[in-house]
Amino acid sequence: MAGGVAIQGTTDISRIEAPVTVKAYLICAFAAFGGIFFGYDTGWMGGVLASPYFIELYTGFRYDYSIGLPIGISKEEFVISSSTSSLFTSILSLGTFLGALVGGDIADFIGRRPTIIGGCLVFTIGCILEIASTNQEVLFVFGRLIAGGGVGFISAVVILYMSEIAPKKVRGAMVSGYQFCITIGILLANVVVYTTQNRNDTGSYRIPIGVQFLWAIILGGGLLFLPESPRFFVKKGEIEKAAKALAFVRGQPEDSAYIKDELAEIIANNEFEMANIPQMSYVQSWLACLKGDITRGDSPIRRTILGAGLQCAQQLTGINFIFYFGPQFFKQLGTISNVFLISLITTLVNVLTTPISFVTIEKLGRRAILIGGGIGMVVCQFIIAILGVTAGRSELNNHSAVSAMIAFISINIAFFASTWGPTAWVVVGEIFPLPIRSRGVGISTASNWFWNTIIAVITPFLVSADKANLGPKVFFLWGSLCIFSTLFAYFLVPELKGLSLEQADMCMAAVSPRKSAAWRPDHTFAADMQHTTEEKALASEAVEEKV
């Protein structure tokens, strides 16, 4: 594109993206590191809530570390109250809900990359407040809220950033790497908590919290050397910068025909969407996400319902019940001597089965694994519930039945980790057009954290012995909600594997979700907008950039 040649596109659908390079893989892999924040910060709280020193700190009960028993009360009574447990766990999700909404907004003003770096700084401040707390409940809660805001920034914008720079052929696998990093974060949290659980000093909770500083330094520092999303620059009309960023990401020279064609397609798609979703005032730009005909697959409101609903459906599978309250739930089963070890095993299952999605999401597609995984989870959860109210009742002290329940909990996790875990994030990153993409992804991510908050608030009251005391019966609830999640995927989720983000727009406009797997693109946006070399037109009348 040097030498004064204007940006022009192509009618050849096979040339709208440059060949995949190692550089693209490495950039996406590093960006996926943001999942460590998400996973680690949701993983350490459940273990810390069950550690003796932390319970002493926030209840006033005494504990004899030499014999491993509480003093003056029973083992069952030596727990943090359900209301405090609910507050400590859910306040993070409230912060992430707010952070995701604000983060998506900020990403449209200053860029995807600076927003993620800012999220790392906010997260660090929250961690400092958590560590500074001894038994000051308000300070600890405020720290969790601030840290949650940082995680919200990161969780929303990392998905946005990865979706915009990942090559279409491997976008699903690349964004699935984000979920893989979430599982690694949860595993690391469990390992750290497992090693500090029996400390009789503040290290029992300060060490798990302090480890998080490392994630902030790695992600925030590394992003200083990575490029901004080319699609952000296109949205801002800075075509020269978009060309340089795209050339860096694709590992091609700026004057490459591939860079010209892909950039022209991005510009043409943005012009097409801007004509249908014009930019208005600040408030109206948010309301634009809710406009259109709900029956049209490509309308903004339909996309918003799909994104927010899919994240809601992911949370309603009940997976975070296991990761938030696993140690407390396993303790209720009666025959497990080391609940932390069982939690560590279930977390390891989560990590080891997530990479299955790297292959299946591109081979089988998004819809197929969401529906198949949902059916698998429904079966597992009802089996767990049935065992729990029959042979696995705690008063029967039936070790074999409890072992079977743990086995099906692990199988349930495997189904989630290889299907719903990564795929919900992949789909959210694909379905929104550029004019509302950052806000759409922000709303969808906020939906994830909103329902995460609801589950974190109500679950202690559902399973605590002093409240509803559902115990294993809670899996009847998760199984029923999982049926809803599976039906949601069947009726509303389109198949977008192998399509560019611009082609995903075409697919959603052309066919219903149930017919989307058979759809194939037959033209380009550059051709539609008359921005092709064949027609001797510029990529945009507003763009006379010489790049």
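In this predicted model, K241 is partly exposed, with a relative accessibility of 46%, and its salt-bridge partner E238 is likewise partly exposed, at a relative accessible area of 32%. The closest N and O atoms of K241 and E238 are 3.5 Å apart, and the pair is one of 17 salt bridges in the structure.

A contrasting setting is found where R144 forms a salt bridge with D41, with 4.0 Å between the closest N and O atoms. This pair connects distant parts of the chain, since R144 belongs to helix α6 (residues 137-165) and D41 to helix α2, 103 residues away in sequence. R144 has a relative accessible area of 1% and therefore counts as buried, the limit being under 20%, and D41, also with a relative accessible area of 1%, is buried as well.

The helix that carries D41, α2 (residues 34-49), packs against helix α8 (residues 203-210) at an angle of about 175°, and the two axes are 10 Å apart. Because angles over 145 degrees count as roughly antiparallel, α2 is described as roughly antiparallel to α8. On the α2 side the contact is made by Y40, W44 and V48, while α8 contributes S204, Y205, I207, P208 and I209.

Another salt bridge brings in helix α23: D505 pairs with R303, and their closest N and O atoms are 2.8 Å apart. D505 lies in α23 and R303 in helix α14 (residues 300-315), so this pair ties together parts of the chain that are 202 residues apart in sequence. Both D505 and R303 are buried. Elsewhere, salt bridges with shared partners join D105, D108, R112, E164, K235, R437 and R439 into one network.

The burial of D505 fits the wider character of α23 (residues 501-510), which is mostly covered, with eight of its ten residues buried. These buried residues are L501, E502, Q503, A504, D505, M506, C507 and M508.

Both partners of the D505 and R303 pair also appear among the contacts of F432, a residue in the loop between α20 (420-430) and α21 (437-463). With residues up to four places away in sequence not counted, F432 touches R303, T304, G307, R437, G440, V441, S444 and D505. F432 has a relative accessibility of 1% and so counts as buried. The C-alpha atom of F432 is separated by 12 Å from that of A509, although the two residues are 77 residues apart along the chain.

A further buried position is N350, in helix α16 (residues 339-353), which has a relative accessibility of 1%. Leaving aside neighbours within four places in sequence, N350 is in contact with T183, I186, F323, I413 and A417.

At the surface, F109, I110, Y282, V283, L287 and L290 make a nonpolar patch of about 600 Å². Helices α4 (82-110) and α13 (282-287) each supply at least two of the patch residues, and α13 gives the most, with three. V283 lies in helix α13 and, with a relative accessible area of 53%, is exposed, because the cut-off for that class is over 50%.

Conventions
Residues are numbered from 1 along each chain as its sequence is written. This is a predicted model: local features need pLDDT of at least 70, side-chain atom pairs count only at pLDDT 80 or more; totals for chains, interfaces and linings use all residues. Side-chain values use heavy atoms; hydrogens and water are left out. Patches are made of residues with over 30% relative accessible area and no salt bridge: like charges are joined within 9 Å, nonpolar side chains (Val, Leu, Ile, Met, Phe, Trp, Tyr) within 5 Å. Accessible areas come from the Shrake-Rupley method with a 1.4 Å probe; for residues, only the protein chains shown count as cover. A salt bridge is a side-chain nitrogen of Lys or Arg within 4 Å of a carboxyl oxygen of Asp or Glu. Helices (H or I, at least four residues) and strands (E, at least two) are DSSP runs, numbered from the N terminus. Buried means under 20% relative accessible area, exposed over 50%, partly exposed in between (1.4 Å probe, protein chains only). Axes are lines fitted to C-alpha atoms, for helices over the stretch in contact, and angles run from 0 to 180 degrees between N-to-C directions. Angles under 35 degrees count as roughly parallel, over 145 as roughly antiparallel, 65 to 115 as roughly perpendicular and the rest as oblique. Contact means heavy atoms within 4.5 Å.
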